[in-house]
Amino acid sequence: MSSKKRSGFRVVCRCEEVTEDEVRAVIRNGYHSLEEIKRILRTGMGHCGGRGCLKVIARLIEEETGIPIALQKFPSSRPPLKPIPLGQLGSYRNEQEER
């Protein structure tokens, strides 16, 4: 099998299990920014926050559209949020105030 045929099966975003073919299809449907692709495919919204996939997707946008990576706006990364029980918030103690 040639490398071109196998390229579509490459996983671009491991957190959300998005393949290169899926990203290229979205780009060809007219979505040319990282933010748009993020909203459609959830790339960059996993545990890594896009550290593993956004640069690869930016390269795919460049290949498909000719928009240089340097001109693409990268979404801001945010730490992953995790729900916690309210009781844990209520038991919070500020050690500096207690001194």
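Here are some exercises on the predicted model above, each with a worked solution.

Before you start: residues are numbered from 1 along each chain as its sequence is written, and side-chain values use heavy atoms, with hydrogens and water left out. Because the model is predicted, local features need pLDDT of at least 70 and side-chain atom pairs count only at pLDDT 80 or more, while totals for chains, interfaces and linings use all residues.

**Exercise 1. Get the overall layout**

Work out how many helices and strands the protein has, and in what pattern they come.

Step 1: Know the rules. Helices (H or I, at least four residues) and strands (E, at least two) are DSSP runs, numbered from the N terminus.

Step 2: Count. You should get six helices and two strands.

Step 3: Read along the sequence. The pattern is α-β-β-α-α-α-α-α.

Step 4: Check how much is hidden. Buried means under 20% relative accessible area, exposed means over 50%, and partly exposed is in between (1.4 Å probe, protein chains only). Of the 99 residues, 28% are buried.

Step 5: Look at the outside. The protein exposes about 7,800 Å², and carbon and sulfur atoms supply 52% of that. Those areas come from the Shrake-Rupley method with a 1.4 Å probe; for residues, only the protein chains shown count as cover.

**Exercise 2. Explore the core**

Find which residues of the largest nonpolar core touch the most other members, and which element gives the most to this core.

Step 1: Define it. A nonpolar core is a set of buried Ala, Val, Leu, Ile, Met, Phe, Trp, Tyr and Cys residues joined through side-chain atoms within 4.5 Å.

Step 2: Pick out the hubs. Among the 15 residues of the largest core, V23, I37 and I57 touch the most other members.

Step 3: See who contributes. β1 (11-13), α2 (20-28), α3 (34-41) and α4 (54-65) each give two or more residues to this core. The top giver is α4, with five residues.

Step 4: Zoom in on one hub. A contact means heavy atoms within 4.5 Å. Leaving aside residues up to four places away in sequence, I37 touches V26, I27, Y31, R42, T43, I57 and I61.

Step 5: Follow up one of those partners. R42 sits in the loop between α3 and α4, and has a positive phi of about 70° although it is not a glycine. With 39% relative accessibility, R42 counts as partly exposed.

**Exercise 3. Hunt for disulfides**

Explain why C15 and C48 don't make a disulfide.

Step 1: Recall the chemistry. A disulfide is a covalent bond between the sulfur atoms of two cysteines. Here the test is a pair of cysteine sulfur atoms within 2.5 Å.

Step 2: Try C15. Its closest cysteine sulfur is in C48, 3.8 Å away, so that's too far for a bond. C15 is partly exposed, at 33% relative accessible area.

Step 3: Try C53. The nearest cysteine sulfur is that of C13, 3.9 Å away, and C53 is in no disulfide. C53 counts as buried, at 2% relative accessibility.

Step 4: Add it up. The structure holds zero disulfides.

**Exercise 4. Trace the salt bridges**

Find which residues are linked with E64 in a network of salt bridges.

Step 1: Set the rule. A salt bridge is a side-chain nitrogen of Lys or Arg within 4 Å of a carboxyl oxygen of Asp or Glu. The whole structure has eight of them.

Step 2: Start with E64 and R24. Their closest N and O atoms are 2.5 Å apart. E64 lies in helix α4 and R24 in helix α2, so this pair ties together parts 40 residues apart in sequence. E64 is partly exposed, at 27%, whereas R24 is buried, at 13%.

Step 3: Stay on E64. Its side chain also meets that of R28 in a salt bridge (2.9 Å, N to O). R28 is in helix α2 too, so here the parts joined are 36 residues apart. R28 counts as exposed, at 59%.

Step 4: Add E20 and R10, whose side chains meet at 3.4 Å, N to O. E20 belongs to helix α2 and R10 to the loop between α1 and β1. E20 is buried, at 6%, while R10 is partly exposed, at 43%.

Step 5: Put the network together. The linked residues are R10, E20, R24, R28, R59, E63 and E64.
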